[in-house]
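User: Got a minute to go through this model with me? I'd like to start with charged pairs and then look at some helix packing.
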Amino acid sequence: MEMKEVILETERLVLRWFREDDFEQFCQVSADAEVMRFLGDGKPMEPLDVWRQMATIMGHWYFRGHGIWAVEEKSSGKLVGRIGLMYPGGWPGFELGWILGRDSWGKGYATEGARRALEYAFTEMNRDHVISLIAPANVASIRVAERLGEKVEGETHLMGRDVLIYGISREDWRNQNLVR
């Protein structure tokens, strides 16, 4: 299978595939306990785990034709986190997720990048529905989901955690974007 990189841009961000030279910066993001507290086992990631995650992300692109992008700040070229579309086997739905390094919090990057990824899912991928799985205590991510127009649709237990299922249909997304 030939893989063709999908690159998305916003006013301030480039969403692109991970590259090997992103490893050190992604290790810094993933080693921060505050960044990782709502993800996986809630602990900072060791470099080997970060490497495996980068390989898994690229494998998802290979198997599914979509995946998670590295998020690069246009003004500095710095890797600030990841945003993307996931649907691994056994997952509760087609998910949009985001993680940003702490020094990028509060700048609107998560909403900006996730909004562009959501647009891609509905317009280029023709998806009917997208979810985001968020820990109930992750207030910042809940605010991002709500800014995207997502609403609570239920809850599930995944990877040892109880999470809320936020979601939005393509029709609701279109209607909210007509209002803008």
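Analyst: Sure. Keep in mind it's a predicted model. A good place to begin is R116, which makes a salt bridge with E119, with 3.5 Å between the closest N and O atoms.

User: Where do R116 and E119 sit in the chain, and how far apart are they in sequence?
Analyst: Both are in helix α4, residues 109–123, and they're three residues apart, so about one helical turn separates them.

User: And are R116 and E119 buried or exposed?
Analyst: In between. R116 is partly exposed at 22% relative accessible area, and E119 is partly exposed too, at 33%.

User: OK, what does R170 pair with?
Analyst: R170 forms a salt bridge with D128, and the closest N and O atoms are 2.6 Å apart. That one ties together distant parts of the chain: R170 belongs to helix α6 (residues 170–179), while D128 lies in the loop between α4 and β6, 42 residues away.

User: Which of those two is buried, R170 or D128?
Analyst: R170 counts as buried, because its relative accessibility is 14% and the cut-off for buried is under 20%. D128 is exposed, with 52%.

User: How many salt bridges are there in the whole structure?
Analyst: The search turns up 12. Some share partners, and through them R16, R19, D21, D22 and E72 join into one network.

User: What's the N to O distance for R19 and D21 in there?
Analyst: It's 3.3 Å for the salt bridge between those two side chains. R19 is partly exposed, with a relative accessible area of 40%, whereas D21 is exposed at 56%.

User: Switching to packing. At what angle do α1 and α3 pack?
Analyst: About 115°, with the axes 10 Å apart; α1 covers residues 23–30 and α3 covers 47–64. Angles of 65 to 115 degrees count as roughly perpendicular, and α1 and α3 are therefore described that way.

User: What's the handedness of the crossing?
Analyst: Right-handed, as α1 passes α3.

User: Which residues meet there?
Analyst: From α1 you have F23, F26, C27 and S30, and they meet P47, V50, W51, Q53 and M54 from α3. By type, that contact has seven nonpolar residues, two polar and no charged.

User: So how many charged residues were in that contact, again?
Analyst: None: the contact of α1 with α3 has no charged residues. For charged pairs, go back to the salt bridges, such as R170 with D128 or R116 with E119.

Notes
Residues numbered from 1 in each chain as written. Predicted model: local features only at pLDDT ≥ 70, side-chain atom pairs only at ≥ 80, totals over all residues. Heavy atoms only, no water. Axes fitted to C-alpha atoms, helices over the stretch in contact; angles between N-to-C directions. Helix = DSSP H or I, 4+ residues; strand = E, 2+ residues; numbered from the N terminus. Parallel < 35°, antiparallel > 145°, perpendicular 65-115°, else oblique. Left-handed = near helix turned anticlockwise from the far one by under 90°. Contact = heavy atoms within 4.5 Å. Nonpolar A, V, L, I, M, F, W, Y, C, P; charged D, E, K, R; others polar. Salt bridge = Lys/Arg side-chain N within 4 Å of Asp/Glu carboxyl O. Buried < 20%, exposed > 50% of the residue type's maximum accessible area, 1.4 Å probe, protein only.
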